[in-house]
Amino acid sequence: MAELKQKVYFDYGATTPVSKEVFLAMQPYFSEKFGNASSIHFIGEEAAEAVQKSREQVAEYLGATFEEIIFTSGATESNNLAIKGVVKKFLEKNPAGKPHVITTKIEHHCVVDSVKSLEKEGLIEATYLGINSNGIVEPEELKFAVKKNTILISVMYVNNEIGTVQPIKEIGRLIKELNEKREQKIIFHTDAVQAVNYFDCEVKNLGVDLLSFSGHKIYGPKGVGVLYIKKGSPIARIQDGGSHEFGLRAGTLNVPGIVGVGEAIKQIQPEKEKNTEFVKKLRDRLIAGILKNVPGSYLNGPKESRSPNNANLRFDNVEGEALLYALSFEGIAVSTASACASKSLKPSHVLIALGLPPEQAHSSVRLTLGKYSTEQEVDYAIEVFPRVIEKLRQVSGNVLQERLGKREERLPEDFGC
Ligand SMILES: *Cc1c(COP(=O)(O)O)cnc(C)c1O
C-alpha cells in the first residue's frame with residue numbers, strides 16, 4: 001500500500017482502537033498473569049479475580065448484578081446465545097411447541113440470521129418488523145405482531161448503519177404490560193452494541209431481559225463480548241463443554257479480553273456526556289460541510305433520533321463502493337453498509353428497509369466518528385469529498401447505470417453476509 005499523507009478514520013462503527021488505558025490494563029494478563037481462570041491454584045486465582053473485577057464493572061454499568069453477566073467471544077456470539085438459547089430452553093420444556101419470535105428487518109446479520117436459521121429448521125415462526133420513514137420500529141406495530149406463542153422479541157438499541165435509536169424503553173414497558181396478562185411470558189432482548197458508548201444502558205430503565213454488546217466497539221479488544229441475562233430468564237446454553245460462565249457458556253475464559261472490556265466500560269461513564277457532545281458536534285459539521293459542498297448529496301435516515309457519531313450519506317450517480325475505494329486512496333476510511341456486508345454485492349438491508357430503491361442504497365456510505373476524531377479530520381474530508389465525487393461522476397456516467405442494472409437482476413431474495 002502506498003504511504004498516505006493523511007489517515008482519517010471514520011469507521012468507529014466497524015471497530016474502535018483499543019484505548020491506552022485498556023491496553024495497559026490487559027497487558028499483564030498475557031504473560032505474567034497468564035492463569036486459566038478456572039484453575040484452583042494461586043495462578044488461576046489471580047486470573048479469576050481479574051475476571052470477577054471486570055464482571056462487577058460491567059454489572060455496575062448496566063445496573064445489574066455480577067451473576068447476570070456472561071462473557072462471550074463477541075456480540076455475534078452473545079446474540080446467537082440470546083436468541084437460540086431462549087428458543088432451545090423453550091423447546092426443551094415444550095417439545096411439541098412452535099414458538100414465535102419477533103425481530104426487525106434492520107438488525108445486524110447475526111440477529112436476523114439467527115432467527116432465520118431457526119425458522120428454516122422449522123423450530124420457530126418468525127416476524128420481521130419494518131421501520132417507519134424515520135428508521136424507527138413502531139411500538140404499535142410490534143404490539144400488533146405479538147401472538148399467543150410469542151416467546152422472544154429482539155430489537156436493536158441503535159442501528160449500526162443509519163444510527164437510528166429505537167424506542168427500547170417504550171417497547172420494554174409495552175412487553176411488561178403484556179406479560180402481566182400472559183401465561184407465556186415474552187423475553188425481551190436488545191443488541192446494544194452501538195448504544196453502549198452514548199446511551200443509557202441501565203437494564204432496569206430499558207426493561208430488557210437480555211442485552212448484548214461487544215468489546216471492540218467501545219475502545220476495548222476484539223474477540224470478547226457480553227451478554228446480560230436477567231436473573232431467572234429461561235435460557236439454555238448452545239455450546240457444550242465445561243461449566244464456565246454459570247454453565248451458560250463453555251470454554252476457557254479470554255482473561256486479557258475480559259479485563260479489557262471491564263476497563264473499557266469503566267471509562268465510559270465519566271466521559272459519556274463530554275464524548276457525546278464532542279462527536280455530535282464534529283459529526284454535524286461533517287454532514288453540513290459535505291451536503292453543502294457536494295451537489296446531489298443527502299443524509300439517509302433522520303437528523304435527530306440518531307446516534308451522535310453516525311452519518312450515512314447518499315450521492316446521486318456515485319457507487320458507494322467506488323467512493324469507498326476512492327476515499328481510501330485519499331486516506332479516508334469509511335464503509336458501505338456494515339463492514340461484514342461490504343464485500344458482498346447486496347445492497348444494505350437496512351437502507352432497503354428504510355425505503356430506498358437498490359440503486360440509491362448502493363450510492364450510500366457510512367461515516368462513524370469516535371472520541372479520537374478531530375476537527376482537522378472532518379475538515380479534510382469536507383475538502384476531499386467534492387473532488388472525489390466529481391471525478392467519480394465524470395468517469396462512471398453511463399458505465400454506472402449499466403452495472404447497477406446488472407446488479408439489480410442479481411439481487412437475492414434474502415439478505416445475509
Ligand atoms: C459490530 C456489531 C455486532 C457484532 O459484534 P462482534 O463483536 O463483532 O461480533 C453486532 N451488532 C451490532 C449492532 C454491531 O454493530
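These questions and answers walk through a predicted model of one protein chain.

Residues are numbered from 1 along each chain as its sequence is written. Local features need pLDDT of at least 70 and side-chain atom pairs count only at pLDDT 80 or more, while totals for chains, interfaces and linings use all residues, and side-chain values use heavy atoms, with hydrogens and water left out.

Q: What separation lies between the centres of domain 1 and domain 2?
A: The chain is divided into domain 1 (8–15 + 271–400) and domain 2 (20–268). These bounds come from an automatic or database domain assignment. Taken over C-alpha atoms, the two centres are separated by 29 Å.

Q: How many residues does each domain bring to the contact?
A: Contact means heavy atoms within 4.5 Å. The centres of domain 1 and domain 2 are 29 Å apart. To the contact, domain 1 brings 33 residues and domain 2 brings 33 residues.

Q: Which three residues supply 24% of the area that domain 1 buries against domain 2?
A: Buried area is the accessible area (1.4 Å probe) that two parts lose on being put together, summed over both. Between domain 1 and domain 2 it is about 2,600 Å², and carbon and sulfur atoms give 54% of that. On the domain 1 side, more than any other three residues comes from Lys272, His349 and Val350.

Q: How many residue pairs are in polar contact across the interface of domain 1 and domain 2?
A: A salt bridge is a side-chain nitrogen of Lys or Arg within 4 Å of a carboxyl oxygen of Asp or Glu, and the rule finds 0 of them across this interface. A polar contact is a pair of N or O atoms within 3.5 Å; within protein, one must be able to donate a hydrogen and the other to accept it, and residues adjacent in sequence count only if both atoms are side-chain atoms. With both residues at pLDDT 80 or more, the number of such pairs across the interface is 19.

Q: Which element gives the most to the side of domain 1 that touches domain 2?
A: Helices (H or I, at least four residues) and strands (E, at least two) are DSSP runs, numbered from the N terminus. Helix H8 (255–293), strand E10 (310–315) and helix H10 (349–353) each supply at least two residues of this side. With 5 residues, the element that gives the most is H8.

Q: Is Leu354 buried or exposed?
A: Leu354 sits in the loop between H10 and helix H11 (358–361). Leaving aside neighbours within four places in sequence, its contacts include Ile131, Ile162 and Asn300. Buried means under 20% relative accessible area, exposed over 50%, partly exposed in between (1.4 Å probe, protein chains only). Leu354 has 15% relative accessibility, so it counts as buried.

Q: What distance separates the backbone oxygen of Gly135 from a polar atom of the side chain of Thr164?
A: Thr164 lies in the loop between strand E5 (150–154) and helix H6 (168–180). Its relative accessibility is 0%, so Thr164 counts as buried. Gly135 is among the residues in contact with Thr164. From the backbone oxygen of Gly135 to that side-chain atom, the distance is 3.0 Å.

Q: How far apart in space are Tyr372 and Tyr12?
A: Tyr372 is in the loop between strand E12 (364–368) and helix H12 (375–396). Tyr12 is one of the residues in contact with Tyr372. The two are 360 residues apart in sequence, yet C-alpha to C-alpha their distance in space is 9.6 Å.

Q: What is the phi of Glu245?
A: Most residues other than glycine have a negative phi. Glu245 lies in the loop between strand E8 (225–229) and H8. Glu245 is not a glycine, yet its phi is positive, at about 50°.

Q: Which residue meets Glu263 in a salt bridge?
A: Glu263 is buried because its relative accessibility is 13%. Its partner lies in helix H8 too, 3 residues apart, about one turn of the helix. The N to O distance is 3.7 Å, and the partner is Lys266.

Q: Which residue forms a salt bridge with Arg387?
A: Arg387 has a relative accessible area of 40%, so it is partly exposed. Both partners lie in helix H12, 4 residues apart. The closest N and O atoms are 3.7 Å apart, and the partner is Glu383.
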